[in-house]
Amino acid sequence: MEVQTMKIKDLDANQLDRAASMLKAIAHPMRIAILSHLEDGKKLTVTEIHNLLNIEQSTTSHHLGILKDKGVLASQREGKNTYYFLKHDSLRNIVECVSRCSVD
């Protein structure tokens with residue numbers, strides 16, 4: 001399957017608004033950390049993420065809700081667990097860029 005890349009100048013106002021909304025949702029240290037654990041197609045539960053980041057489960061749920069609401073993450077229910085994962089594989093590039101750009 002061929003992936004089409006669009007340039008920012010080709011996006012309409014609604015698409016730009018959605019993109020800005022997604023970037024705003026990502027622009028938080030804890031949310032960047034969450035995304036870094038979901039790279040490479042990983043699917044994790046709230047419990048797994050809160051254990052990895054050593055933060056309260058309610059805080060983890062709050063951040064996951066924001067990321068899901070803004071279209072950054074998707075979720076899938078399997079039995080008693082809900083797994084969170086990157087909604088679009090291309091979001092991996094943002095996480096990689098942040099990692100590269102934050103190293104002096």
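**Exercise A: Arg92 and its partners**

Leaving aside its neighbours within four places in sequence, which residues is Arg92 in contact with? Then place Arg92 in the chain and say how open it is to the surroundings.

*Solution.* Start with the partners: once neighbours within four places in sequence are left aside, Arg92 is in contact with Glu39, Asp40 and Leu86. Contact here means heavy atoms within 4.5 Å. Before going on, a word about the model: it is predicted, so local features need pLDDT of at least 70 and side-chain atom pairs count only at pLDDT 80 or more, while totals for chains, interfaces and linings use all residues. Residues are numbered from 1 along each chain as its sequence is written, and side-chain values use heavy atoms, with hydrogens and water left out.

Next, find the element: Arg92 sits in helix H5, residues 91-101. Helices (H or I, at least four residues) and strands (E, at least two) are DSSP runs, numbered from the N terminus.

Now the accessibility: Arg92 counts as partly exposed because its relative accessibility is 29%. The cut-offs are under 20% relative accessible area for buried, over 50% for exposed, and partly exposed in between (1.4 Å probe, protein chains only).

Finally, compare sequence and space for one pair: Arg92 and Gln15 are 77 residues apart in sequence, and their C-alpha atoms are 19 Å apart in space.

**Exercise B: The loop between H2 and H3**

Look at Glu39, Asp40 and Thr45 in the loop between H2 and H3. For each one, decide: buried or exposed?

*Solution.* Begin with Glu39, which belongs to the loop between H2 and helix H3 (46-53). With 19% relative accessibility, Glu39 counts as buried. Its contacts, not counting neighbours within four places in sequence, are Arg92, Val95 and Glu96.

Move on to Asp40, also found in the loop between H2 and H3. Asp40 is exposed, since its relative accessible area is 64%. Check its backbone too: phi of Asp40 is near 60°, which is a positive value in a residue other than glycine.

End with Thr45, again in the loop between H2 and H3. Thr45 counts as buried because its relative accessibility is 8%. Setting aside residues up to four places away in sequence, Thr45 touches Asn81, Thr82 and Tyr83. Thr45 and Met22 are 23 residues apart in sequence, with their C-alpha atoms 21 Å apart.

**Exercise C: A positive phi in another loop**

Where does Asn54 lie, and what is its phi near?

*Solution.* Asn54 lies in the loop between H3 and H4. Its phi is near 55°, a positive value in a residue other than glycine. To complete the picture, Asn54 is exposed, with a relative accessible area of 72%.

**Exercise D: Two neighbours in H1**

Ala25 and Lys24 are both placed in helix H1. Which accessibility class does each one belong to?

*Solution.* Helix H1 covers residues 13-26 and contains Ala25. Ala25 is buried, with a relative accessible area of 4%. Leaving aside neighbours within four places in sequence, Ala25 is in contact with Arg31, Ile66, Leu67 and Lys70.

Now take Lys24, also in H1. At 65% relative accessibility, Lys24 counts as exposed. The C-alpha atoms of Lys24 and Leu91 are separated by 14 Å, although the two residues are 67 residues apart along the chain.

**Exercise E: How H2 and H4 cross**

At roughly what angle do the axes of H2 and H4 cross, and which residues meet?

*Solution.* Two packed helices are described by the angle and the distance between their axes. The axes of helix H2 (residues 29-37) and helix H4 (residues 57-69) come within 10 Å and cross at roughly 75°. That makes H2 roughly perpendicular to H4, a label for angles of 65 to 115 degrees. To see the meeting point, find Met30, Arg31, Ile34 and Leu35 in H2; these meet His63, Leu64, Ile66 and Leu67 in H4.

**Exercise F: The whole chain**

How many helices and strands does the protein chain have, and in which order do the elements run?

*Solution.* Count the elements: there are 5 helices and 2 strands. From the N terminus on, they run α-α-α-α-β-β-α. Then look at the extent: the C-alpha atoms fill a box of roughly 40 × 40 × 25 Å along the principal axes. To finish, buried residues make up 28% of the 104 residues in the chain.

Terms used. Axes are lines fitted to C-alpha atoms, for helices over the stretch in contact, and angles run from 0 to 180 degrees between N-to-C directions. Angles under 35 degrees count as roughly parallel, over 145 as roughly antiparallel, 65 to 115 as roughly perpendicular and the rest as oblique.
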